[in-house]
Amino acid sequence: MREAYSIATVQAILDHHAAQEGPLLPILHDVQEAFGYVPPDAVSVIANALNLSRAEVHGVITFYHHFRTTPPPRHVIQICRAEACQSMGADALVAHAERALGCAMHSHSGDVALEPVFCLGQCATSPAITIDDKLHARVTPEKFDRLVARAKEAV
């Protein structure tokens with residue numbers, strides 16, 4: 001479970017990266033790791049600490065698809081869209097996932113978000129997915145259904 005937003009946590013992250021050159025991306029990653037997303041209130045704190053404008057920080061957040069500006073649903077499913085996974089059936093897996101979950105890529109249905117990811121490093125065992133940051137390989141539509149059901153039961 002992620003913690004609730006606090007300025008103290010953001011400040012601790014900023015302090016941790018204080019001596020680092022060009023720390024914006026590592027800071028954003030750590031903030032998202034702490035809260036599950038980059039809270040809008042954190043943007044001005046980060047901008048002030050790095051002597052950047054809020055627009056500059058916001059621009060980086062919105063440029064990279066990895067960063068969220070709202071809390072994620074309870075479960076996040078990422079399906080690899082890289083070439084090796086595509087060649088092993090990822091397109092059919094995406095179509096199945098969208099039907100099964102009732103949502104398209106980059107969106108969510110209820111407590112499950114569906115997102116593309118470009119390479120999970122499992123090329124030899126593709127197609128690969130993550131469910132709540134847990135990696136799964138050789139995923140068929142049937143295996144996908146079992147994994148999603150298991151993840152929902154585990155809560």
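This is a short tour of the model, one selection at a time.

**Whole chain**

Start with everything shown as a cartoon, and keep in mind that this is a predicted model. Along the principal axes, the C-alpha atoms fill a box of roughly 50 × 30 × 25 Å. Colour by secondary structure and you should be able to pick out seven helices and five strands. Walking from the N terminus, the elements come in the order α-α-α-α-β-α-α-β-β-β-β-α.

**Two domains**

Now colour residues 5-61 and 73-152 separately: these are domain 1 and domain 2. How far apart are the centres of domain 1 and domain 2? Taken over C-alpha atoms, they are separated by 29 Å.

**The sheet**

Next, select the strands: β1 (75-80), β2 (107-109), β3 (112-117), β4 (129-131) and β5 (134-136). They make an open sheet of five strands with mixed pairing, and if you read across it the order is β2-β3-β1-β4-β5. Which strands sit at the edges? Those are β2 and β5, each pairing on one side only. Turn the sheet to look along it and you can follow the twist, which averages 25° from one strand to the next.

Zoom in on β1 and β3. The two run parallel and are paired over six bridges. For a landmark here, show C80 and look straight across to β3, where V117 stands opposite.

**A helix across the strands**

Add α6, residues 90-101. This helix lies across β1, β2, β3 and β4. Compare directions with β1 and you get an angle of about 155°.

**The loop between β3 and β4**

Stay with the backbone and move to the loop that links β3 to β4. Two spots deserve a click. One is C119, which lies in this loop and has a positive phi of about 85° despite not being a glycine. The other is P127, also placed in the loop between β3 and β4. The peptide bond joining S126 and P127 is cis, with omega at about 0°.

**The largest pocket**

Switch on a surface and go to the largest pocket, which holds about 1,300 Å³ of space. Its lining counts 36 residues, and the ones closest to the centre are G36, R68, P72, V76 and E115, so select those five to centre your view. Which elements give two or more residues to this lining? They are α2 (24-35), α4 (54-63), β1, β2 and β3. Of these, β3 gives the most, with five residues.

Go back to your domain colours for a moment: domain 1 and domain 2 each contribute at least three residues to the lining of the largest pocket. Then recolour by chemistry, and the lining splits into 16 nonpolar, twelve polar and eight charged residues.

**The second largest pocket**

For the last stop, select I131, K134, H136, L147 and A151. These lie nearest the centre of the second largest pocket, which is lined by ten residues. The volume here is about 160 Å³. Edge strand β5 and helix α7 (141-153) each supply at least two lining residues. Which element has the largest share of this lining? That is α7, with three residues. By chemistry, the lining of the second largest pocket divides into five nonpolar, two polar and three charged residues.

Technical notes:
Residues numbered from 1 in each chain as written. Predicted model: local features only at pLDDT ≥ 70, side-chain atom pairs only at ≥ 80, totals over all residues. Heavy atoms only, no water. 1 Å grid on protein atoms, 1.4 Å probe; cavity = no way out; pocket = protein on both sides within 12 Å on 5 of 7 lines; lining within 4 Å. Points joined across faces, edges and corners; volume = space filled by probe spheres on them. Helix = DSSP H or I, 4+ residues; strand = E, 2+ residues; numbered from the N terminus. Nonpolar A, V, L, I, M, F, W, Y, C, P; charged D, E, K, R; others polar. Domains from an automatic or database assignment. Pairing = 2+ DSSP bridges. Axes fitted to C-alpha atoms, helices over the stretch in contact; angles between N-to-C directions. Contact = heavy atoms within 4.5 Å.
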